Amino acid sequence: MIHRTGKRAAHKSKEYSTQASETAEGNRGERAESTEEHAEAKPQSTVPLDINIGEIMENRAKYIPLRLQMEERKYLRLLEAALNVTEYTDKIDDASNMGKAKRVVNQIKELCAILTGVVLSCDYKRGQELFADRSFEDNEEFFQTIFEIGRRYKIMNPEKMRSAYGKLMYLLSDSMIPEVKDMLGFDCVVPIKTVYSFLKEKNGLKVLHEDIVLLATKEIIPDGKTRPQIQAEIKRKEKSIEILSRKYQSKYLSADEIRHCLYSIGDNNAYLRSNRDPCEKMIFYLEKFFNPKDKSDNDYSLSIAYGNQGHRLSHDHETQYIYVNQTLKLWREILNDMFKLWTLADQDILSPSNPYRLSHTGQGLHRVQPCPATSREMHRILFKAQKKAGTWIGSSVIHLGDKNVPNALIFIDKYNQVARILNPICITLDRIDELAKNAGIRELIESKFDSLDLCKKTILADFFRFAFDGSGADNFYDAGSCIDGCSQIEKKPYFPVFLLAGFTGFDGGGW
């Protein structure tokens, strides 16, 4: 109010009265005790003053997709069903179909068949009209919506649409080819809906500038907590969500829409815990059990030698320790920014000014396509990781748009494998102490490994030696941070421990 009452130059400061403040606080406290409505204090978020929460949250929200609404999920099921039955990539990316003219004709025919089938299954009458005159441009908004839903859903659920997503992205990439686009008469691709774009459109970005947005979007982790503690955290989170949704609802933005945005940010936090945090755990175990400054234990050395047991690198214990440490920290940085990288990869794949070429890469026929936006961000992340590490061992080449990583889709898939490999190991290590409460299991572990810690150390030493030995590629230059060391786990002496911990495979089923 003071800025509406005269000139700023004439404003005068007033000394803050501590006594008056304490009296007011006392009065407020008495009123709070007398009414049930104020029985519970407003959730507080303790954030250092020098941190700008609003700026950080806005930057994050730009790459966090909106969680799907209930009505959008029926379109997702429809899209998945259509993609699962089509053989689009098999027909288009065929070695016997390399001629440009023939490929374009086939692309148009296949694309039209898929689009018509999708519309027909959603609205029979509308689909019949499409069959009659092929007026795809009349359904432009429908196609853009349904394809955007599929892209958005996949980013938030990397384990879903494993084969359908590749078909979707290659289909959309082909729809951006000028000849195909001219025939269709419209653009199939629109930007992915994010929390930031939605709130900006609804004039609601101020929601992200409140400190309690951290409480409203945090993931409740039950590990090591009592039921009352968990219930208290849930209650505090829900109260924070209600405070924000009531405070910032307007004629443009409903309370339900604010809640939806906050839950979407919460989904991102859940993604980070399941994908980035395993890297943190492995770094902790590495530093705890294998610190090179501890010279007392040579039985669990990480040293490897070229040509021995399939290793393609020669490192002493300290060098291998540094190499594993830097790789895990690089993965942590990449997975922390994965949603941003995924958004940039989406742009690279679907950019009409960024054509691909079919090429035999040594791993089959692939679409080799430059990835300028993804490459720039990856170089920034690599530089950040190198700066933190101080010493960098091995290659710092980023493979994108070459025979190793042909396109951005393969790049995304490569780093989605990290959590699938690390999570089962972390779960097993975390459960060993719990399993050992059973006398029989404890006796089994101690008879083989002498102690629970040595069992953990055996698993970790084996993983750090074989998964980071350069055998993930044909040569040192191509290996980079490739990982390859879990395929023979059933032959390892600690395999029964994995099975007791509930292990079913590094990819969700079978080993």
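The chain has 22 helices and two strands, counted as DSSP runs numbered from the N terminus (H or I with at least four residues for helices, E with at least two for strands). This is a predicted model, where local features need pLDDT of at least 70 and side-chain atom pairs count only at pLDDT 80 or more, while totals for chains, interfaces and linings use all residues. Residues are numbered from 1 along each chain as its sequence is written, and side-chain values use heavy atoms, with hydrogens and water left out.

**Exercise 1. Get a feel for the whole chain.**

Task: work out what percentage of the 511 residues is buried, and what the accessible surface comes to.

Solution. Start with burial: 47% of the 511 residues are buried, where buried means under 20% relative accessible area, exposed means over 50%, and partly exposed is in between (1.4 Å probe, protein chains only). Next, the surface: the accessible area of the chain is about 27300 Å², from the Shrake-Rupley method with a 1.4 Å probe. Carbon and sulfur atoms hold 50% of that area. Finally, look at contacts (heavy atoms within 4.5 Å). Among those with a separation of 6 or more, 72% join residues 24 or more positions apart.

**Exercise 2. Find the core.**

Task: say how many residues the largest nonpolar core has, and which helix gives the most to this core.

Solution. A nonpolar core here is a set of buried Ala, Val, Leu, Ile, Met, Phe, Trp, Tyr and Cys residues joined through side-chain atoms within 4.5 Å. The largest one has 131 residues. Helix 18 (residues 408-435) gives the most to this core, with 13 residues. Now pick out the residues with the most contacts inside the core: Phe147, Met282, Phe290, Leu328, Phe463, Phe464 and Phe468. Zoom in on Met282 and skip its neighbours within four places in sequence: you're left with contacts to Leu328, Leu422, Ile425, Cys426, Leu460, Phe463 and Phe464. As background, nonpolar side chains tend to be buried together in soluble globular proteins.

**Exercise 3. Describe a helix crossing.**

Task: describe how helix 19 (residues 439-449) and helix 20 (residues 452-466) cross.

Solution. First, the geometry: the two axes come within 8 Å and cross at roughly 65 degrees. Those axes are lines fitted to C-alpha atoms over the stretch in contact, with angles running from 0 to 180 degrees between N-to-C directions. Second, the hand: the crossing of helix 19 and helix 20 is left-handed, the near helix being turned anticlockwise from the far one by less than a right angle. Third, the residues: helix 19 brings Arg442, Ile445 and Phe449, which meet Leu452, Leu454, Cys455 and Thr458 of helix 20. Sorted by class, the contact of helix 19 with helix 20 has five nonpolar, one polar and one charged residues. For that sorting, Ala, Val, Leu, Ile, Met, Phe, Trp, Tyr, Cys and Pro count as nonpolar, Asp, Glu, Lys and Arg as charged, and the others, Gly among them, as polar.

**Exercise 4. Check two positive phi values.**

Task: place Met161 and Asn203, then say whether Met161 is buried or exposed and whether Asn203 is buried or exposed.

Solution. Most residues other than glycine have a negative phi. Met161 has a positive phi of about 50 degrees and sits in the loop between helix 7 (140-156) and helix 8 (164-175). Met161 is buried, at 6% relative accessible area. Asn203 has a phi near 55 degrees and belongs to the loop between helix 10 (195-201) and helix 11 (213-217). Asn203 counts as exposed, at 62% relative accessibility.

**Exercise 5. Trace some long-range neighbours.**

Task: say which residues Phe498 contacts and which ones Thr89 contacts, beyond four places in sequence.

Solution. Phe498 is in helix 22 (residues 495-500) and is buried at 1% relative accessibility. Its contacts are Pro424, Ile425, Thr428, Ile459, Ile489 and Phe503. Phe498 and Pro424 are 74 residues apart in sequence but 8.2 Å apart in space, C-alpha to C-alpha. Thr89, in helix 4 (residues 88-92), is buried at 18%. Thr89 touches Lys167 and Tyr170, and its C-alpha is 8.6 Å from that of Gly166, 77 residues away in sequence.
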